[in-house]
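Biologist: Could you take me through one part of this model up close? I'd like to hear about the largest pocket, and what lines it.

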Amino acid sequence: MISKGFHRFLLIFIVILSGTANQNLQAIERVEVYTFEQLNDWLTRQDDTLYVINFWATWCAPCVKEIPDFEKIHAQYHKDKVKVLYVSLDFPAQINSRVIPFINRLKMQGEVVLLDDPDSNRWIPQVSESWSGAIPATLIYGRGFREFYEKEMNYDELESLLLPLIN
């Protein structure tokens with residue numbers, strides 16, 4: 001027979017443990033909406049951080065497929081000053097109905113912003129002259145490195161690009 005004291009201890013332990021887990025994975029309630037001028041600050045920072053900027057949308061199957069790999073990169077390398085930023089190209093009217101529920105369902109931990117700038121013919125070439133506008137697309141830059149990838153990427157590929165820059 002288990003004592004009341006042990007039951008009390010177990011209950012307190014479970015409450016504390018569940019509170020800690022909830023602190024680490026709080027639901028996102030708001031996503032910042034940026035113009036390209038606001039986003040451009042993220043594209044041109046000059047510091048000792050490596051930036052992995054992923055352009056995606058909830059309706060893009062290859063984008064959705066690669067997000068867990070970007071999340072692994074975020075989890076593994078954020079302490080090495082690797083910053084993952086997801087730039088959603090969903091419609092701003094879909095933030096509450098699609099984007100935020102999607103972020104919460106996948107428990108995304110990297111920062112997410114939504115780009116609301118309809119003049120894509122102006123800003124796409126500013127991200128990369130080689131970008132046709134197709135997604136997924138990723139810009140990786142920092143520490144003397146700057147490359148743009150207009151394709152789906154996986155964890156091994158991302159890690160192989162980042163490791164030489166981290167070490």
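Modeller: Here is a walk through that pocket, with a little about the chain around it. First, a caution: this is a predicted model, so local features need pLDDT of at least 70 and side-chain atom pairs count only at pLDDT 80 or more, while totals for chains, interfaces and linings use all residues. Residues are numbered from 1 along each chain as its sequence is written, and side-chain values use heavy atoms, with hydrogens and water left out.

Okay, the chain: you'll find 6 helices and 6 strands in it (DSSP runs, H or I of at least four residues for helices and E of at least two for strands, numbered from the N terminus). Starting at the N terminus, their order is α-β-α-β-α-β-α-β-α-β-β-α.

Now the pocket itself. On a 1 Å grid over the protein atoms alone, a pocket is an open set of points where a 1.4 Å probe fits, with protein on both sides within 12 Å along at least five of seven lines; lining residues have an atom within 4 Å of a point. The largest one holds about 300 Å³ of space, a volume filled by probe spheres set on the points, which are joined across faces, edges and corners. Its lining is made of 15 residues, and Leu89, Asp90, Leu115, Asp117 and Trp123 sit nearest the centre. Helix 5, residues 120-127, is the top contributor to that lining, with 3 residues. Sorted by class, the lining has 10 nonpolar, 2 polar and 3 charged residues (Ala, Val, Leu, Ile, Met, Phe, Trp, Tyr, Cys and Pro are nonpolar; Asp, Glu, Lys and Arg are charged; the others, Gly among them, are polar).
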